[in-house]
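Me: I've got a protein model open and I'd like to work through a few bits of it. Can you help me reason it out?

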Amino acid sequence: MKIRADIADLLHQGVPVYRIAAQLHVGTKTVTTTRDALGIAPLCGTQRLDPAQQFYARTAPDGDGHLRWTGYVNAGTPSLTVRNQRVSAAVMAFRLQYDRDPVGNVRPGCGYDGCVAPAHVEDRPMREQYAAIFGEVTR
């Protein structure tokens, strides 16, 4: 059996079968067959990815430190479920970077549309502070 490296990598990271299937647009049977061929035990109910693992399992590098969201998109908003609650990918990136909830909406401050790299996201007070120092800048 030929094993796809992307499926194997996500299985080794502990990503659940159904999420790998959805992310890579393959059937769950393909993923479970790969898991079995690699000798990886199925996840039990007590094994969960922490929020950072969930986030990074759904991103792909896009050059210059940018991250592109590859996971679920809800009504145009990249999002994931953390502890049974739907969270936007940008908010999760902000929480990972600053260890606090954002104030107002979160946007990429790098100017790269759709970037969810934690080091690149800003909340409203950060944008306001930047504008106060450097003048109004459309970002």
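Me: About how many helical turns separate Y130 and F134 in helix α6?

Reply: Keep in mind that this is a predicted model. Both residues sit in helix α6, which covers residues 124-134, and they are four residues apart. That puts the separation at about one helical turn.

Me: Is F134 buried or exposed?

Reply: Let's use the cut-off: a residue counts as exposed when its relative accessible area is over 50%. F134 comes in at 56%, so F134 is exposed.

Me: And what about Y130, buried, partly exposed or exposed?

Reply: Buried would need under 20% and exposed over 50%, with partly exposed in between. Y130 has a relative accessible area of 30%, so by those limits Y130 is partly exposed.

Me: What kind of aromatic pair do F55 and W69 make?

Reply: There are four aromatic pairs in the structure. In this one, the ring centres are 5.8 Å apart and the planes meet at 40 degrees. Planes under 30 degrees apart would be stacked and over 60 edge-to-face, so this pair is tilted.

Me: How many residues apart in sequence are the parts that this F55 and W69 pair ties together?

Reply: F55 belongs to helix α4 (residues 51-56), while W69 belongs to strand β2 (residues 67-69). Both F55 and W69 are buried. The parts they tie together are 14 residues apart in sequence.

Me: Is C115 buried or exposed?

Reply: C115 is in the loop between β6 and β7. Its contacts beyond the sequence neighbours include H66, L67 and P108. With a relative accessible area of 3%, C115 is buried.

Methods:
Residues are numbered from 1 along each chain as its sequence is written. This is a predicted model: local features need pLDDT of at least 70, side-chain atom pairs count only at pLDDT 80 or more; totals for chains, interfaces and linings use all residues. Side-chain values use heavy atoms; hydrogens and water are left out. Helices (H or I, at least four residues) and strands (E, at least two) are DSSP runs, numbered from the N terminus. Buried means under 20% relative accessible area, exposed over 50%, partly exposed in between (1.4 Å probe, protein chains only). Contact means heavy atoms within 4.5 Å. Rings of Phe, Tyr and Trp (its six-membered ring) pair if their centres lie within 6.5 Å; planes under 30 degrees apart count as stacked, over 60 as edge-to-face and the rest as tilted. Lists of a residue's contacts leave out its neighbours within four places in sequence.
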